[in-house]
Structure formats: structure tokens, C-alpha cells
Amino acid sequence: MEIPYVVEPRPDTGLFNAKVGIWLFLASEVMLFGALFSAYILLRVGAAPGEWPHGLLNVWLGMANTIVLIVSSITVVMAWASLKFKNFSNFKKYQAVTLLCALTFLGIKSYEYHDKFVHYEIQLNDGRVVDGHMLENDAEKVVIHGHYVDKAEAAKVTHGWQEAEIKEIEIPVKKSDIKYMENYGPRHNTYTAIYFTLTGLHALHVIGGALVIGFIWGPGAGMWKTDPERYTNRIEISGLFWHFVDLVWIFLFPVLYLL
Amino acid sequence: MSDPHDTHDFQKSVKRYLFVFYALIVGTVVTVMASRLHINSVALTVAIALFIACVKGFLVAGYFMHLISEKKMIYGILLTTVFFFAGLMYLTVWSMNPESLVHIR
């Protein structure tokens, strides 16, 4: 049985069915990310003065990932335009770059996640707090590249650039002097919890989008020979999803990295 | 998406996409630079960053997703989404006002 309206538009909507479908799906996605942004606002506004961390993330890596997604957005739209002009080889090249961008984005994100899992806050028995990245961890001591936290000074930090001005040194700490030690994983504080939730969900969307684009680009490319218009529509639909993923990151970047 | 019908249309579309691409890159750089301007007002920093993000979002949605020339059906779906999204944000802001809530004491 032939599926109706996969290429020709429905008379009542003026659109082929998949297009209505993807926009309804994107509408639900807006509400999903909207709910998490709403949670972010409540956590941020509800944080006690001086408790919300600033400058925890590497702005340059975040900026690089933003540019990577922007590049992937234009290659997606150029791939679709290439198919409209029956240029399949150009389409293949553009979508290959899109897939490379997706892998680059995930690579950078993984590096950033790793960076948070080796970033520790250590409370010492004498009341001092050491904050920084772990260089060594043996049976007797840990070595941290970081600084001692001055709580009064930390409370005055309201911008990322102030945090970046703090000098970091190598600090050896005996394990017997440690009262409590925890990395900056999702359970560390409300900021890391919402950071990992938002960026994790976004990364899942990148993976999902890349899998779909990769399938259509590789194993599913045979449709170009049998039903080119339907194939072009598939590229359009997967492209709309990809642009949405870019759109979400455009808001995530300033909210999580810069504010 | 609106279809480019001939080579001239195609070149016009490509030019437009490239313009949007450069604008998005510039917007990203400006956002980062603005965050390092040592502006003391947190509200102003937030306003600048979100304003630039909104402009970039408009460019992606308008030109890459072709929303500036879509069918009424899509606009209908999006208007419904905007309505519920605005309601969600209104409830979020409303809940931050202690006087508007019934607290359990």
C-alpha cells in the first residue's frame, strides 16, 4: 500500500505529512527544554547570594562548540539545496561535514565532562577548602592544581571573568587532612545538576540527529535513485531537527557559560 | 521550505545562507566579548547575552528553518507553542513572588 502525502502536499494543510509531523514534534521539544530552562531560572534565582558558581566552564570551548554547530547548520541547509538542484555529490560532501561537526561537538563536550569529573572541592579538617583539578591521587596524598577558597571573596564573584583572575598553584594535600572530597559531577551542587541535565539532554539530541542524518546519508541513500523527491524531503525533515538542536545550544551557551 | 527554482534563485539562497552564517559567527564572538567587558550590572550582562541569543535564534529559525516563508499550518502550530511556552515562563516568574503563593507554615 502506498503511503499518501509523503511527497505531494495535502490539500487541506498545503504540506506533506512528515513536515507537519516534525513541527509538532519540535513544538513538544520546545516545551521539554522550556521546562528545564524554567527549572534553571528557579534554581538560579533561588540560590543564596554568592552560592551560584561563575566561571566554572571553559568559555572558549563553549564558543568553539557554538561555532561547530553553526557550521553544521549551514552545511545541512546547503546539502538540502544541493539535492533541490540534483547535485548528489555536493549533498554527500556537505552532509559529511555535518557528521564531522556532530562528532567534533560530542568530542569537545566529552572533554568538558571529563574536566568536571577531575575537578574537586576538598574540605580540610582545619576548615579550609581547596578547589581545583586533581593531578595525582595515591594512597597518602592528592595533588591539586587550584587554589584555597576564600568564602568571603568567593561570595563577591558575580561574573566569570572575576573567577578567571584567581591564581592557581599546585597544592599537595595529605589524605589524613581531608574531611570531605567531591568532584564537580551532577550531584555536587544545583548548578552542576542543571548543567549536566541540560547539556546531557542536548547531547542526546545531537547523537539522535547525527544517527538519523548518518543513516539517510549512508545506508538510506539508495532512495535518491528510486524516489528523489521523497529523499529530499527526508533531508529537509532531518535538517529541521538539526537546526532546532543548534537553536537550543544558542541559548544554552550564554546561560550556562557566560551568565 | 521555499524551493529555489532556478540557478539564479539558488545563488540568491546560498548568498542569504552565507550572510546568516557570518551573522551567527559574529553574534557568537560579540556575546563572548560582551561577557568579558567587566560590566558590573548582572541584569545588563544577562540582557545583552539574551538579546544577542534571541537575534541568533531568529536568524536560525527564520532563514535556516525557513520560517519567514512557511505555510499557515506551521505558524498555527508555533503560535500554540508560543502560548504555552509563555504560560510556562509566566508561571515560573509568578512563582518567584512569595506574595503570590500560599505557603505552608
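Helices here are DSSP runs of H or I at least four residues long, numbered from the N terminus. I needed that to place B:Leu91, which is in helix α3 of chain B. Note to self: this is a predicted model.

**Entry 1: B:Leu91**

Is B:Leu91 buried or exposed? I looked up the cut-off, and a residue is exposed if 12 or fewer other C-beta atoms lie within 10 Å of its own. B:Leu91 has 11 of them, so it goes down as exposed. I also checked how far B:Leu91 is from B:Ala49. The two are 42 residues apart in sequence, and their C-alpha atoms are 23 Å apart in space.

**Entry 2: where the chains touch**

Next I looked at how chain B meets chain A. I got 39 residues of chain B in contact with 41 residues of chain A. On the chain B side, the elements giving two or more residues are α1 (7-35), α2 (42-64) and α3 (72-95). What kinds of residue make up that side of chain B? They split into 26 nonpolar, nine polar and four charged.

**Entry 3: the cores**

Then I went for the largest nonpolar core, which has 57 residues. The members touching the most other members are A:Val77, A:Ala79, A:Trp80 and A:Trp249. Both chains feed this core: α1, α2 (59-84), α3 (88-117), α6 (190-217) and α8 (228-258) of chain A, plus α1 and α2 of chain B, each supply at least two residues. Which helix gives the most? That's α8(A), with 16 residues.

I picked A:Trp80 for a closer look. Skipping its neighbours within four places in sequence, I found A:Trp80 in contact with A:Ile235, A:Glu236 and A:Gly239.

There's also a second, separate core, made of five residues. A:Tyr120, A:Ile122, A:Val130 and A:Ile144 are among them.

**Entry 4: strands of chain A**

I followed β1(A), residues 119-124, to see what it pairs with. β1(A) runs antiparallel to β2(A), residues 129-137, over five bridges. One of the bridge pairs is A:Gln123 with A:Val129 in β2(A). The hairpin of these two strands has four residues between them, and in it A:Gly127 takes a positive phi near 95 degrees.

β1(A) also pairs with β5(A), residues 178-183, again antiparallel and over five bridges. Here I noted A:Leu124, whose bridge partner in β5(A) is A:Ile178. Worth remembering for any regular strand: side chains alternate between the two faces of the sheet.

**Entry 5: two positive phi values**

I went looking for positive phi in residues that aren't glycine. A:Tyr5 has one, near 60 degrees, and A:Tyr5 sits in the segment before α1 (17-46) of chain A. Why does A:Tyr5 count as partly exposed? Because it has 15 C-beta neighbours inside 10 Å, and partly exposed is the class between 12 or fewer and 20 or more.

B:His66 also has a positive phi, of about 60 degrees, and isn't a glycine. B:His66 is in the loop between α2 and α3 of chain B. It has 20 other C-beta atoms within 10 Å, so I wrote B:His66 down as buried.

**Entry 6: domains of chain A**

Last lookup: how is chain A divided into domains? The assignment gives domain 1 (17-116 + 188-258) and domain 2 (119-183). Taken over C-alpha atoms, the centres of domain 1 and domain 2 of chain A are 34 Å apart.

Note on methods. Residues numbered from 1 in each chain as written. Chains lettered and ligands numbered in written order. Predicted model: local features only at pLDDT ≥ 70, side-chain atom pairs only at ≥ 80, totals over all residues. Contact = placed C-beta atoms within 7 Å. Nonpolar A, V, L, I, M, F, W, Y, C, P; charged D, E, K, R; others polar. Core = buried A, V, L, I, M, F, W, Y, C linked by C-beta atoms within 7 Å. Pairing = 2+ DSSP bridges. Domains from an automatic or database assignment.
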